[in-house]
Amino acid sequence: MVRIHVKSGDDSGENEFLYECQSDSLIKEIASDVIQIFNLQSKIHRLVSEFEPRLLPFHGDPKVTPLLRAFWEAKSYASKDMVIHDRPLSYLVLRHHFETIERELVAKFDLLGDSDSTQYQQILSDVELLDENTTQLKLAGKELKREKQLCDYIGRNEKIKIVLKLQPKIMPLS
């Protein structure tokens, strides 16, 4: 398995994670996977930063414990600390954490002073997501072409670690 350290092109460090794939994987498949993971990680970070302060008064309240646990588990899993611990992220696990937060938030809207999901939807709509069609994958400053395989760039070595940067394509001025 090739270990890929994925970073955002803005070098903020907030959204970085490890991803694993075979060296013969298509770049378009890798791009799809890492962009989905990046976007879910961004949504989780946004929800945590928005709702964690609001939940402080509820620590110890058994009604809110499942929501607090959902936030803690998602925050821990989506953390860039997973890179330090050499643990790759899985889209399916990340999606499970996100869905758990959603389910628990919907059940606790009234406790948080929200009567509906309008504010929740607004928070999510404010998250800057990457678009699969306009995001470049760069390896050592070189854009990876979607129609190629990863091994076209790194060879067939399955025990290699590389760093990929995700950044929006710069559109030419018309």
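A disulfide is a pair of cysteine sulfur atoms within 2.5 Å, and by this rule the count in this predicted model comes to zero.

**View 1. Two cysteines, Cys21 and Cys151, without a disulfide.** Cys21 takes part in no disulfide, and the nearest cysteine sulfur, which belongs to Cys151, is 10 Å away. Taken from the other end, the cysteine sulfur closest to that of Cys151 is the one in Cys21, and the 10 Å separating them is too far for a bond. Cys21 counts as buried, at 4% relative accessibility, and Cys151 is likewise buried, with a relative accessible area of 10%.

**View 2. The open sheet of five strands.** The strands of this sheet follow the order 2-1-5-3-4, and their pairing is mixed. Strands of a sheet pair through backbone hydrogen bonds, and they may do so in a parallel or an antiparallel manner. Strand 2 (16-21) and strand 4 stand at the edges, and each has a single partner strand, so one side of each is left without a neighbour in the sheet. Although strand 2 is an edge strand, it is mostly covered, since five of its six residues are buried.

**View 3. Strand 1 beside strand 2.** Strand 1, which comprises residues 2-8, runs antiparallel to strand 2, and six bridges join the two. Within this pair, Val6 stands opposite Phe17, a residue of strand 2.

**View 4. Strand 3, strand 4 and the loop that holds Ala140.** Strand 3 and strand 4 run antiparallel and are joined by two bridges, with Leu139 standing opposite Lys142 of strand 4. The loop between strand 3 (135-139) and strand 4 (142-143) is the place of Ala140. The phi angle of Ala140 is near 55°, a positive value in a residue other than glycine, and Ala140 is exposed, with a relative accessible area of 78%.

**View 5. Helix 1 and its bend at Ser49.** Helix 1, spanning residues 27-55, has 29 residues and reaches 41 Å from its first C-alpha to its last, which is close to the 42 Å expected at 1.5 Å a residue. At Ser49 the helix bends by about 25°, and a proline, Pro53, follows within four residues.

**View 6. A salt bridge within helix 1, between Glu50 and Arg54.** Side chains of opposite charge can pair when their charged atoms come close. Here the side chains of Glu50 and Arg54 meet in a salt bridge, with 3.5 Å from N to O. Both residues belong to helix 1 and are four residues apart, about one turn of the helix. Glu50 counts as partly exposed at 22% relative accessibility, and Arg54 is also partly exposed, with a relative accessible area of 22%. By the rule used for such contacts, the count for the model comes to seven salt bridges.

**View 7. A salt bridge between helix 1 and helix 2, formed by Glu52 and Lys75.** The closest N and O atoms of Glu52 and Lys75 are 3.2 Å apart, and the two residues form a salt bridge. Glu52 lies in helix 1 and Lys75 in helix 2 (residues 65-78), so the pair ties together parts that are 23 residues apart in sequence. Both partners are partly exposed, Glu52 with a relative accessible area of 31% and Lys75 with one of 38%.

**View 8. A salt bridge within helix 4, between Arg95 and Glu99.** Glu99 forms a salt bridge with Arg95, the closest N and O atoms being 3.6 Å apart. The two residues lie in helix 4 (residues 91-108) and are four residues apart, about one turn of that helix. Glu99 is partly exposed, with a relative accessible area of 37%, and Arg95 counts as partly exposed at 33% relative accessibility.

**View 9. The network of Arg3, Glu20 and Asp86.** Arg3, Glu20 and Asp86 are linked to one another in a network of salt bridges. Asp86 lies in the loop between helix 3 (81-84) and helix 4, and its phi angle is near 60°, a positive value in a residue other than glycine. With a relative accessible area of 39%, Asp86 is partly exposed.

Definitions and conventions. Residues are numbered from 1 along each chain as its sequence is written. This is a predicted model: local features need pLDDT of at least 70, side-chain atom pairs count only at pLDDT 80 or more; totals for chains, interfaces and linings use all residues. Side-chain values use heavy atoms; hydrogens and water are left out. The expected span of a helix is 1.5 Å times one less than its number of residues. The bend at a residue is the angle between axes fitted to the seven residues ending there and the seven starting there. Buried means under 20% relative accessible area, exposed over 50%, partly exposed in between (1.4 Å probe, protein chains only). A salt bridge is a side-chain nitrogen of Lys or Arg within 4 Å of a carboxyl oxygen of Asp or Glu. Two strands pair if DSSP finds at least two bridges between them.
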